[in-house]
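Dear colleague,

Here is the structure I promised to pass on. My notes on its salt bridges and one of its pockets follow below.

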Amino acid sequence: MDDTTDDSDAEMDANTNRETDADEFTAENADTDAAAPARVDPADAFAALGNSIRVDILRAFLEHQQAAATPVVQFSTLRRAVGLRDSGQFRYHLEQLRGAFVEKCDGGYRLTYAGSAVLTAIVAGTYTDTDTLGPTPLDSACTFCEAAVSATYRDGVLTVSCGNEHPLFVWALPPNAAAGASIEHLIELATTLAFQSYELVVDGTCSECYSSIAPGFESTGDGTDDAAGRSIRFTAACDACSAAWSVPVGFVLLTHPEIERLYHRQGRPLRTQYWWELEPVTSAVELESSETDPPRVRLSVDIGDTTVRATLDETGSVAELEFATD
Ligand SMILES: [Zn+2]
Ligand SMILES: [Zn+2]
């Protein structure tokens, strides 16, 4: 509405006022340049994106970065790329992005870290597209009830579950990952991303915002595990960004490089497997606790011809790892 010319008086007035505002904004620039806002309320920041011209401006940064070797773009280059003749109008929209998404620098403007992140999300379709794939039957049985398993991708989330709605694998993927992809490809991609995420989380780093986090494990049973080894879970949560993780504790073992090598040697590269079927996830685990020491978790798992014995400390890190071959 801001950008169309309407012949009603009200619209004309609104336009005239806005032009005046834009001029004033320009006049104030000398002051605001000196003291750019340090923090921006997230709601205000996203409100600044509620206009297609501003999204076009962010995209113009991307086009320029792809064509030139510098992240700095001149005002006139941006305006030409967006195709807006009215310099005052263009400046108004650029100013709405300043602080949170765009900053002024020597030689022009560049994206802030948040600007780059939001641009990546826009390109990936996170905020706009809705693709649906499946449900597609998989050659896999539920590890809880043995019912047939299928995979669905909907609203940016891949879900693998059985007919009795046991969730086996749930992972968020941006819609551009799903464009033209098969469900099998999405499962493999999500598996790769899950391994990368948990590698960081086990080390105490949030994979979404890189804050420091304190992972550990939780027992949902009485300390002795159920037959399929799932009542003890590795869990973590990030106070800074609210991301949360929860998997059967044996999954942690799959993120260990020596276990990854073992599967590779046996001709089963981890990232091509349905991880929810793998031995460390489905085998029984034992919670070792004492009055004085923090609790630890023990696993003894046969992987092919190799018996793996592992102990995980209270943070879920692998403290001891032994291999024995028949
Ligand atoms: Zn099931
Ligand atoms: Zn976080």
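**Salt bridges**

Arg 110 counts as partly exposed, because its relative accessibility is 33% and the partly exposed class runs between 20% and 50%. Glu 103 falls in that class too, at 31% relative accessibility. The two form a salt bridge, with 2.9 Å between the closest N and O atoms. Bear in mind that this is a predicted model.

The whole structure holds five salt bridges. Another of them joins Arg 98 to Glu 95, with the closest N and O atoms 3.3 Å apart. Here both Arg 98 and Glu 95 are buried.

Arg 271 and Glu 199 also meet through their side chains, at 3.5 Å from N to O. This salt bridge links distant parts of the chain, 72 residues apart. Arg 271 sits in the loop between α10 (257-265) and α11, while Glu 199 belongs to helix α8. Arg 271 is partly exposed, at 24% relative accessibility. Glu 199 is partly exposed as well, with a relative accessible area of 29%.

**Second largest pocket**

The second largest pocket has a volume of about 390 Å³. It is lined by 24 residues, and the closest to its centre are Leu 168, Arg 233, Ser 246, Val 247 and Trp 275. Which elements supply at least two residues each to the lining? They are β6 (167-172), α8 (183-202), β9 (244-248) and α11 (279-282). By type, the lining has 17 nonpolar residues, four polar and three charged.

Best wishes

Note on methods. Residues are numbered from 1 along each chain as its sequence is written. Chains are lettered from A and ligands numbered from 1 in the order in which they are written. This is a predicted model: local features need pLDDT of at least 70, side-chain atom pairs count only at pLDDT 80 or more; totals for chains, interfaces and linings use all residues. Side-chain values use heavy atoms; hydrogens and water are left out. On a 1 Å grid over the protein atoms alone, a cavity is a set of points where a 1.4 Å probe fits but cannot get out, and a pocket is an open set with protein on both sides within 12 Å along at least five of seven lines; lining residues have an atom within 4 Å of a point. Grid points are joined across faces, edges and corners, and a volume is the space filled by probe spheres set on the points. Helices (H or I, at least four residues) and strands (E, at least two) are DSSP runs, numbered from the N terminus. Ala, Val, Leu, Ile, Met, Phe, Trp, Tyr, Cys and Pro count as nonpolar, Asp, Glu, Lys and Arg as charged, and the others, Gly among them, as polar. A salt bridge is a side-chain nitrogen of Lys or Arg within 4 Å of a carboxyl oxygen of Asp or Glu. Buried means under 20% relative accessible area, exposed over 50%, partly exposed in between (1.4 Å probe, protein chains only).
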